[in-house]
Amino acid sequence: MKIDKLLEKPRNVYLFALLAILVESFSSVCLKLAGRFPVFSSNYVFYYFSAIIIMGIYAVLWQLLLEHLPLTTAYLRKGMSYILVYLWAYVFFGEHISPMQWIGTAIILAGMVVSQMGEGKGKVK
């Protein structure tokens, strides 16, 4: 399969992980948009099912990723999802991000960096 060939390079595996998490983070945008409409209205159904389709795509991407990364390494990257949701909340909905949320974001990033340092090099399958 062509995707397996692409994922032979460690750099591509990490970029693929970022892509999967980016895709997953957009499901939150769709669910937020769905919540703006009456339940079962055509707009609600459109956005809700868009979120489900996005999550299905994410599940396939994540499964492909897990074939090339240890589970612990892959799940470290999921912290980026929280950060991306803050970004989308600000960009798409104009939501305010409080100083405490910024501190939480910094803690998530610091945790990802520290955890990555503990993994060592060459752990990608």
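Over the face of which residue does lysine 78 lie? In this predicted model, lysine 78 is placed over the face of tryptophan 62, at 5.3 Å from the ring centre. A second arrangement of this kind involves lysine 32, which lies over the face of phenylalanine 93 at 5.8 Å from the ring centre.

The overall fold gives the setting for these contacts. The secondary structure of the protein chain consists of six helices and zero strands, and the pattern read along the sequence is α-α-α-α-α-α. Taken along the principal axes, the C-alpha atoms fill a box of roughly 50 × 40 × 20 Å. Of the 125 residues in the protein chain, 34% are buried.

Lysine 32 also takes part in a salt bridge, its partner being glutamate 95. The closest N and O atoms of this pair are 3.2 Å apart, and the count of salt bridges in the model comes to one. Because lysine 32 belongs to helix 2 and glutamate 95 to the loop between helix 5 (79-93) and helix 6 (99-119), the salt bridge ties together parts that are 63 residues apart in sequence. With a relative accessibility of 38%, lysine 32 counts as partly exposed. Glutamate 95, with a relative accessible area of 29%, is likewise partly exposed.

Aromatic contacts were examined next. The count comes to ten aromatic pairs. One of them joins phenylalanine 37 and tyrosine 47, whose ring centres are 5.9 Å apart and whose planes meet at 15 degrees, so the pair is stacked. Phenylalanine 37 is found in the loop between helix 2 (10-34) and helix 3, whereas tyrosine 47 is found in helix 3, so this pair ties together parts that are ten residues apart in sequence. Phenylalanine 37 is partly exposed at 28% relative accessibility, and tyrosine 47 is partly exposed at 22%.

Another pair is made by tyrosine 48 and phenylalanine 49. Here the ring centres are 6.1 Å apart and the planes stand at 90 degrees, so the pair is edge-to-face. Tyrosine 48 lies in helix 3 and is partly exposed, with a relative accessible area of 36%. Phenylalanine 49 is partly exposed as well, with a value of 46%. Both residues belong to one aromatic cluster, formed by Phe40, Tyr44, Tyr48 and Phe49.

Several of these aromatic side chains also contribute to the surface. A nonpolar surface patch of about 690 Å² is made by Leu31, Val39, Phe40, Val45, Tyr48, Phe49 and Ile52. The residues Phe40, Tyr48 and Phe49 therefore appear both in this patch and in the aromatic cluster. Helix 3 (residues 42-66) gives the most to the patch, with four residues.

Helix 3 also holds serine 50. Is serine 50 buried or exposed? At 17% relative accessibility, serine 50 counts as buried, because the limit for a buried residue is under 20% relative accessible area. Tyrosine 48, in contrast, counts as partly exposed at 36%. A polar atom of the serine 50 side chain lies 2.7 Å from the backbone oxygen of phenylalanine 46.

Note on methods: Residues numbered from 1 in each chain as written. Predicted model: local features only at pLDDT ≥ 70, side-chain atom pairs only at ≥ 80, totals over all residues. Heavy atoms only, no water. Patch = residues over 30% accessible without salt bridge, like charges linked within 9 Å, V, L, I, M, F, W, Y side chains within 5 Å. Areas by Shrake-Rupley, 256 points an atom, 1.4 Å probe, with all protein chains shown as cover. Salt bridge = Lys/Arg side-chain N within 4 Å of Asp/Glu carboxyl O. Helix = DSSP H or I, 4+ residues; strand = E, 2+ residues; numbered from the N terminus. Buried < 20%, exposed > 50% of the residue type's maximum accessible area, 1.4 Å probe, protein only. Polar contact = N/O pair within 3.5 Å; in protein donor to acceptor, adjacent residues only side chain to side chain. Phe/Tyr/Trp six-rings, centres within 6.5 Å; stacked < 30°, edge-to-face > 60°. Lys NZ or Arg CZ within 6 Å of the ring centre and 35° of its normal.
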